[in-house]
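I opened my notebook to follow one DNA strand and one helix pair. Here is what I looked up, entry by entry.

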2 protein chains.
Amino acid sequence: MVTNMGRKLIENHNECPITHSMNIIGNKWTSIIVYVLANRKLRFGELAIRIDKISRKVLSNQLKEMELRGIVNRESYAETPPRVEYSLTKKGEDLLPILKQLCAWSKGIDLESGDESDCSTP
Amino acid sequence: MVTNMGRKLIENHNECPITHSMNIIGNKWTSIIVYVLANRKLRFGELAIRIDKISRKVLSNQLKEMELRGIVNRESYAETPPRVEYSLTKKGEDLLPILKQLCAWSKGIDLESGDESDCSTP
DNA sequence: TAAAGTAGTAACCAAATGGTAACTAATATG
DNA sequence: CATATTAGTTACCATTTGGTTACTACTTTA
């Protein structure tokens, strides 16, 4: 993955579409963030609470990357204490049904006994 | 990801379905292997040639992991020189349409000028 | 006898990714 | 004045993942 944070994302545009897809969603958090943000707007701190075990640094980096890619929307209000709200863009919403299929597909892999306990996402 | 090669795959079955999905396909090669194997049976060496830049070690590890997960099928013939053929299982085939959607979705992200040059996969 | 061809494996190393703890700025409240 | 609150950032470190090189075993062919 090309994750040169702070600067622009520089992608190799000759790469294969699968590699490209994986560069975008093939990491530990991106698709979880998309799921948590489904149908709602959340503040940075709320995201940090809802997504179990993510560090604020990584959350911050991911959100920045996703904003650059047009997956999430960032609205910042000049208040004190600061308020920043994140939501999905159209592109982000479009990913949801695909993620659902992926979850359905992966269900059952490596699982004899299906224990569907809770987590941050459906 | 829990990739303790050689032994069994031990997954945390309480994890969220998205994390689970990403543990399976969220790496550099798995979905590329699935794509390359679409509609055909290939030998180890053919896979190594068709998949640009993959090392034989990593290919070997991935295939082993995918076999354990029931995504690929391995048929080994006791000849000399040895012949081993890999193909997709039903589970593997089922992933293809999802990957296609993912590619369609990611097309256009980070791309102003759409250069659709070749790669190992459609 | 020597080389070629296949499917790996082992030891070792490099790069990418993720995590921790401490810190900042700005203002309101007690 | 001290403290709380929020959204981060910085410097540093740990883990995970991927890559390189050399090597094996077995048999056929030159």
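**Around DNA strand D**

I began with the surface near DNA strand D, where H4(A) gives the largest share, 4 residues. I kept in mind that this is a predicted model.

Next I looked up how many residues surround DNA strand D, and I found 23. The closest are A:Ser60, A:Arg74, A:Tyr86, B:Lys57 and B:Thr80. I then checked which part of the strand comes within 4 Å of the protein: sugar and phosphate account for 75% of those atoms.

I sorted the residues of this surface by kind and got 8 nonpolar, 7 polar and 8 charged.

**Phosphate contacts**

I went through three side chains of chain A. A:Ser60 has a side-chain N or O atom 2.7 Å from a phosphate oxygen of DNA strand D. For A:Arg43, the distance from a side-chain N or O atom to a phosphate oxygen of the strand is 3.0 Å. For A:Arg74, a polar side-chain atom lies 2.5 Å from a phosphate oxygen of the strand.

I also noted the elements that give two or more residues to this surface: helix H3 (44-50), helix H4 (56-68) and strand E3 (83-88) of chain A, along with helix H4 (56-68) of chain B.

**Where two chains' helices cross**

How do the axes of H5(A) and H1(B) cross? I read roughly 75°, with the axes coming within 9 Å. Angles of 65 to 115 degrees count as roughly perpendicular, so that is how H5(A) and H1(B) lie to each other.

I listed some residues of the contact, including A:Leu99 and A:Trp105 of H5(A) and B:Ile18 and B:Met22 of H1(B). The residues of this contact divide into 9 nonpolar, 3 polar and no charged.

Terms used
Residues are numbered from 1 along each chain as its sequence is written. Chains are lettered from A and ligands numbered from 1 in the order in which they are written. This is a predicted model: local features need pLDDT of at least 70, side-chain atom pairs count only at pLDDT 80 or more; totals for chains, interfaces and linings use all residues. Side-chain values use heavy atoms; hydrogens and water are left out. A residue is near a molecule or strand if one of its heavy atoms lies within 4 Å of it. A polar contact is a pair of N or O atoms within 3.5 Å; within protein, one must be able to donate a hydrogen and the other to accept it, and residues adjacent in sequence count only if both atoms are side-chain atoms. Ala, Val, Leu, Ile, Met, Phe, Trp, Tyr, Cys and Pro count as nonpolar, Asp, Glu, Lys and Arg as charged, and the others, Gly among them, as polar. Axes are lines fitted to C-alpha atoms, for helices over the stretch in contact, and angles run from 0 to 180 degrees between N-to-C directions. Angles under 35 degrees count as roughly parallel, over 145 as roughly antiparallel, 65 to 115 as roughly perpendicular and the rest as oblique. Contact means heavy atoms within 4.5 Å.
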